[in-house]
Amino acid sequence: MSKQDDFFVIKARENGVQVIGLTRGSDTRFHHSEKLDKGEVMIGQFTEHTSAVKIRGKATIQTSHGTLQTDD
Ligand code: TRP
């Protein structure tokens, strides 16, 4: 499966979970911040612009490598 086809799922387990996208390339910085409330789901991909994602708060994250939860 190519990088562009792969996606990840983030489900918020509390209100105010933050999903932060970080830029690809030599300059690594935040470029997007999304707030999810409890039960909300975000489906995302790594792209030409996004190389990493930081998640703050209680969430369940599913990737092609497995499922994990942030610590409570
Ligand atoms: N404009 C961003 C991009 O195309 C949108 C995006 C993609 C994004 N994946 C993300 C934002 C993950 C936050 C987290 O790269």
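Two strands count as paired here if DSSP finds at least two bridges between them. With that convention in hand, the predicted model can be read strand by strand, and a good place to begin is a single facing pair: Thr63 stands opposite Gly66 in S7. This pair belongs to the contact between S6 and S7, which run antiparallel and are joined by four bridges. The two strands form a hairpin, with two residues between them.

The S6-S7 hairpin is part of an open sheet of four strands, arranged in the order S4-S1-S6-S7 with antiparallel pairing. Strand S4 (41-44) and strand S7 (66-69) are the edge strands, each pairing on one side only. From one strand to the next, the twist averages 15°. Within this sheet, strand S1 (residues 8-12) pairs with S4 over four bridges in the antiparallel sense, and here Lys11 is found opposite Val41 in S4. S1 also pairs with strand S6 (residues 59-63), again antiparallel and over four bridges. In that pairing, Val9 faces Gln62 in S6. Strands of a sheet pair through backbone hydrogen bonds, either parallel or antiparallel.

Attention now turns to the other sheet. Three strands make up this open sheet, in the order S3-S2-S5, and the pairing is antiparallel. Its edge strands are S3 and S5, each of which pairs on one side only. Neighbouring strands of the sheet are turned against each other by 20° on average, direction ignored.

S2 is joined to strand S3 (residues 30-36) by six bridges, the two running antiparallel. S2 is likewise connected to S5 by six bridges, also in the antiparallel sense. Gln18 offers a handy view of both contacts: its bridge partner in S3 is Lys35, while in S5 Gln18 stands opposite Arg56. Thr23 has Thr50 as its bridge partner in S5. S2 and S3 form a hairpin with six residues between the strands, and in this hairpin Gly25 adopts a positive phi near 110°.

The ligand site can be described against this background. Around the ligand are Val19, Gly21, His32, Gly44, Gln45, Thr47, His49, Thr50 and Val53. At least two residues of this shell come from strand S2 (17-23), and at least two from strand S5 (50-56). Thr50, one of the residues around the ligand, is thus met again here, having already appeared as the bridge partner of Thr23. How does the shell divide into nonpolar, polar and charged residues? Two of its residues are nonpolar and seven are polar, with no charged residue in the shell.

Finally, the record offers a frame for the chain. UniProt, in an unreviewed entry, places the feature "domain: Tryptophan RNA-binding attenuator protein" at residues 4-71. Over residues 4-71 the model is 57% strand and 0% helix. The C-alpha atoms at the two ends of this stretch are 29 Å apart.

Conventions
Residues numbered from 1 in each chain as written. Predicted model: local features only at pLDDT ≥ 70, side-chain atom pairs only at ≥ 80, totals over all residues. Near = placed C-beta within 6 Å. Nonpolar A, V, L, I, M, F, W, Y, C, P; charged D, E, K, R; others polar. Axes fitted to C-alpha atoms, helices over the stretch in contact; angles between N-to-C directions. UniProt positions renumbered as here; feature names shortened; annotations may be inferred.
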